[in-house]
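Student: I should like to go through this model and ask, for each term applied to it, what justifies the term.
Tutor: Please do; the structure comes first, and the questions follow.

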Amino acid sequence: MNYSNNTYSVLFNTQKSHQLVIGNSAYKERINILKALQTALEKTYKQALRDALYKDFKKPQLEVDLTEIYPVVDEIKFVSKHLRSWMRRQKVDTPLTLLGSSSWIKNESKGVCLIISPWNFPVNLTFGPLVSAIAAGNTVIIKPSEMTPHTSKVMHDIVNEVFDEEHVALVEGEVEVSTELLKLPFNHIFFTGSPQVGKIVMKAAAEHLTSVTLELGGKSPVIIDDTTNLDKAVKKVIFGKFLNVGQTCIAPDYVLINEAIKPAFIQSFKKHLKEFYAEDVLNSNSYGRIVNQKHFERLHGYLEDAKSRNATIAIGGVSEEKENYIEPTLVFDLDDESDLMTNEIFGPILPVKTYTSISEVLDYINSKDKPLALYIFSSNKKRVDEIINNTRAGGTCVNHNLLQFLNHNLPFGGSNNSGIGKSHGYYGFLEFTNQRSVLKQHTIGAVDLLMPPYTNFKQKIVDLTIKWF
Ligand code: NAD
């Protein structure tokens, strides 16, 4: 169905009236519907998704399979394996003072949820949170990004085929659609996008005291020291940075390298870039495009700003406006006020800063907002611990990058400016769940003996309780 402004509240109310039915569904019913979504992604709509993502920003097929379809399918498998135990009543201990009662936690659904997703991994970042929301027994309205319209259309078809609209509905459209939806009293909002829009979402949520998960972005640093295998580190950083043309929330945003390894770093960078994309990156089928002209111009502007500040473009720098193409680019000698060092880059430009001591690195990182990811390449265990203990970040990967996203046993998310709340696996399930506490009284308990009128005898019991229990 296609929705318009005045039908959002109708849709919302339809879902609201079904929320208890959906919320009381058995784990098998939830798994069955997740399996239907899995079939749609893996089989029925796989080629349509590949085609749509190619049309939207020339995303290579392998990247679609690996970074859009696989993580969602893997999340469904993980959830299906564990959902029964996550939904089970969780008994907790009873203190002596509450003798005669028992207590447990009921993981109950929050109700009607809103998922607002970005364009950079549109399938992964729409259906990933959806899996958690369904596992937790919620109804969901989805608003995907307007910047990847072909993919949004296919996702709309998938949702229509797999779900009834009182359970899950997808609403396409521009920012105004989000604005209208955000006026409704959702029980939870799961937003993935920029910190700027995250603030708008949180303000709107405050109006109804709606809980939020904000999966945001920021500048994720990579630290490379002089004890690591430099060649391997550089190869991994190039993979992490130029996958999806740098348009990844956890992509390395900038690199901090020991001054002594600068020449070897540049040499290795050139070698691996050539190995990945050959000489003609523009025509490589392993390299996509900037999503649209607006983002192309933003990135192009960052490069112009760097040049005007006499930064050194060590590798790349070539762009092709009509193709929304920017070559993988390595920049040195940037001042801290430059656009590239003050904004999240979200594109294929990698600034490098050199350091002579780790304390310089720690001071620099700690002077910025907490990043979503912080990467360390080092063979020195003590140094790795020193960096982890003396910085704060949403997540860290040591001797690689991006991979922390793929382990469902790890919570994924930022901290403060890079996000609020966590996703993936059990943590994603909890995010869409109210942990309802239930205490059931079976026989008369100690508290019943202490009700008014308060006597000296009762005072003595309270004194003894405070002292001994
Ligand atoms: P964005 O914040 O511009 O948009 C995200 C969503 O919000 C879209 O659906 C858009 O329609 C909607 N939106 C935009 N402006 C709005 C407004 N004023 N009011 C209400 N809704 C609005 O982000 P983007 O450009 O799609 O994605 C890039 C950003 O997302 C980067 O900052 C990146 O780091 C971040 N990101 C974070 C994660 C994560 O998991 N933490 C993942 C991917 C992207």
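Student: Why is Asn 244 called buried?
Tutor: This is a predicted model, and the value is computed from it. The relative accessible area of Asn 244 is 3%; buried means under 20%, so Asn 244 counts as buried.

Student: Where is Asn 244 found, and what is notable about its phi?
Tutor: Asn 244 is in the loop between helix H9 (230-242) and strand S9 (254-258). Its phi is positive, about 60°, although Asn 244 is not a glycine.

Student: Ala 278 also has a phi to discuss. What makes Ala 278 partly exposed?
Tutor: Ala 278 has a positive phi of about 60° and is not a glycine. Its relative accessible area is 45%. Partly exposed is the class between under 20% and over 50%, and therefore Ala 278 is placed there. The residue is found in the loop between helix H10 (262-277) and helix H11 (293-308).

Student: Which peptide bond is cis, and what is its omega?
Tutor: The bond joining Pro 452 and Pro 453 is cis, with omega about 0°. Pro 453 is located in the loop between strand S18 (433-441) and helix H16 (456-468).

Student: Why does Lys 59 count as buried?
Tutor: Lys 59 has a relative accessible area of 1%. The cut-off for buried is under 20%, so Lys 59 is buried. The residue is placed in the loop between helix H3 (46-57) and helix H4 (61-87).

Student: How do you know that the side chain of Lys 59 makes a polar contact with Asn 120?
Tutor: The side chain of Lys 59 reaches the backbone oxygen of Asn 120 at 3.1 Å. A polar contact requires a pair of N or O atoms within 3.5 Å, so this pair qualifies. As for Ala 206, its C-alpha atom is separated from that of Lys 59 by 37 Å, and their positions lie 147 residues apart along the chain.

Student: What makes the approach of Ser 117 to the ligand a polar contact?
Tutor: A polar backbone atom of Ser 117 is 2.8 Å from an oxygen atom of the ligand. The limit is 3.5 Å, so the pair counts as a polar contact. The side chain of Ser 178 has an N or O atom 3.3 Å from a nitrogen atom of the ligand. Gly 193 has a backbone N or O atom 3.3 Å from an oxygen atom of the ligand.

Student: How much of the ligand does the protein cover?
Tutor: On its own the ligand has 850 Å² of accessible area, and the protein covers 91% of that. The space taken by the ligand is the largest pocket.

Student: Which elements give two or more residues to the shell around the ligand?
Tutor: They are helix H7 (175-181), strand S6 (188-192) and helix H8 (195-208).

Student: Which of the 27 residues around the ligand come nearest, and how does the shell divide by character?
Tutor: Ser 117, Glu 146, Ser 194, Leu 216 and Glu 344 come nearest. The shell divides into 15 nonpolar, 8 polar and 4 charged residues.

Student: How do you know that Ile 376 is buried?
Tutor: Its relative accessible area is 0%, and buried means under 20%, so the term applies to Ile 376. Ile 376 lies in strand S15 (residues 373-377). The C-alpha atoms of Ile 376 and Asn 401 are 8.5 Å apart, with a separation of 25 residues along the chain.

Student: Why is Ile 387 called buried?
Tutor: Ile 387 has a relative accessible area of 1%. Given the cut-off of under 20%, Ile 387 is therefore buried. Ile 387 belongs to helix H14 (residues 381-389). From C-alpha to C-alpha, Ile 387 and Ile 223 are 9.3 Å apart in space, and they are 164 residues apart in sequence.

Student: What makes His 424 buried?
Tutor: The relative accessibility of His 424 is 9%; under 20% counts as buried, so His 424 meets the criterion. His 424 lies in the loop between strand S17 (419-420) and helix H15 (425-431).

Student: How many of the residues of the chain count as buried?
Tutor: Of the 469 residues, 51% count as buried. The chain has 16 helices and 18 strands.

Conventions. Residues numbered from 1 in each chain as written. Predicted model: local features only at pLDDT ≥ 70, side-chain atom pairs only at ≥ 80, totals over all residues. Heavy atoms only, no water. Near = heavy atom within 4 Å. Polar contact = N/O pair within 3.5 Å; in protein donor to acceptor, adjacent residues only side chain to side chain. Areas by Shrake-Rupley, 256 points an atom, 1.4 Å probe, with all protein chains shown as cover. 1 Å grid on protein atoms, 1.4 Å probe; cavity = no way out; pocket = protein on both sides within 12 Å on 5 of 7 lines; lining within 4 Å. Sits in = over half its atoms within 2 Å of the grid points. Helix = DSSP H or I, 4+ residues; strand = E, 2+ residues; numbered from the N terminus. Nonpolar A, V, L, I, M, F, W, Y, C, P; charged D, E, K, R; others polar. Buried < 20%, exposed > 50% of the residue type's maximum accessible area, 1.4 Å probe, protein only.
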